[in-house]
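Here is a short briefing on one protein chain. Look over the sequence and the fold before reading on.

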Amino acid sequence: MKLFISKTKFNLILLGNIISLSILSVSWHHQTYTLYKDIKRENIKNHQIVALNKQLLSEYSQVMSGEKIKETALQQLGLKEIEADDLGKWYKGRISL
């Protein structure tokens, strides 16, 4: 049994396959582009979270080191806590270090 397909039918089949593959290609490219945008957005959020975490850790370490210094000064060195009267006449509500 011999299978015979005319040129016209063969060209129509090829044309249909080319059109369907083109549509699928456009769809796949769109999906990868939207995935790229989502990944980029999540990376930006991740960098913001990491930066905020670093800032909070830095502030926490500064607060903790200050508290440890104060605690050492009060307990081991026997110093007293500063009061508003002890600051003198030049004090206007702020202490510059």
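Is K45 buried, partly exposed or exposed? K45 counts as partly exposed, at 42% relative accessibility. The model is predicted. Its protein chain holds 1 helix and 0 strands. Of its 97 residues, 1% count as buried.

**Overall make-up**

- The helix, α1, covers residues 7-75.
- About 9,800 Å² of the protein chain is exposed.
- Carbon and sulfur atoms supply 63% of that exposed area.

**Salt bridges**

- The search of the whole structure finds 2 salt bridges.
- One of them pairs D38 with R41. The closest N and O atoms of D38 and R41 are 3.2 Å apart.
- Helix α1 holds both D38 and R41. They sit 3 residues apart, about one turn of the helix.
- D38 has a relative accessible area of 34%. That value lies between the 20% and 50% cut-offs, so D38 is partly exposed.
- R41 is also partly exposed, at 41% relative accessibility.
- K45 forms a salt bridge with E42. Here the closest N and O atoms are 3.8 Å apart. The limit for a salt bridge is 4 Å, so the K45 and E42 pair counts.
- K45 and E42 both belong to helix α1. Again the spacing is 3 residues, about one turn of the helix.
- E42 has a relative accessible area of 43% and is partly exposed. Its partner K45 is partly exposed at 42%.

**Nonpolar surface patch**

- L3, I5, F10, L14 and I18 make a nonpolar surface patch. The patch measures about 520 Å².
- L3 is located in the segment before α1.
- L3 has a relative accessible area of 75%. Exposed means over 50%, so L3 counts as exposed.

**The end of α1 and the segment after it**

- A73 is part of helix α1.
- Its relative accessible area is 18%. Buried means under 20%, so A73 counts as buried.
- What does A73 touch, leaving aside its neighbours within four places in sequence? A73 is in contact with G78 and L79.
- K80 lies in the segment after α1.
- K80 is exposed, with a relative accessible area of 67%.
- K80 and K70 are 10 residues apart along the chain. Their C-alpha atoms are separated by 9.9 Å.

**Points to keep**

- The chain has 1 helix and 0 strands, and 1% of its residues count as buried.
- The salt bridges link D38 with R41 and K45 with E42.
- L3, in the segment before α1, contributes to the nonpolar patch.
- A73 is buried, whereas K80 is exposed.

Notes:
Residues numbered from 1 in each chain as written. Predicted model: local features only at pLDDT ≥ 70, side-chain atom pairs only at ≥ 80, totals over all residues. Heavy atoms only, no water. Salt bridge = Lys/Arg side-chain N within 4 Å of Asp/Glu carboxyl O. Helix = DSSP H or I, 4+ residues; strand = E, 2+ residues; numbered from the N terminus. Buried < 20%, exposed > 50% of the residue type's maximum accessible area, 1.4 Å probe, protein only. Patch = residues over 30% accessible without salt bridge, like charges linked within 9 Å, V, L, I, M, F, W, Y side chains within 5 Å. Areas by Shrake-Rupley, 256 points an atom, 1.4 Å probe, with all protein chains shown as cover. Contact = heavy atoms within 4.5 Å.
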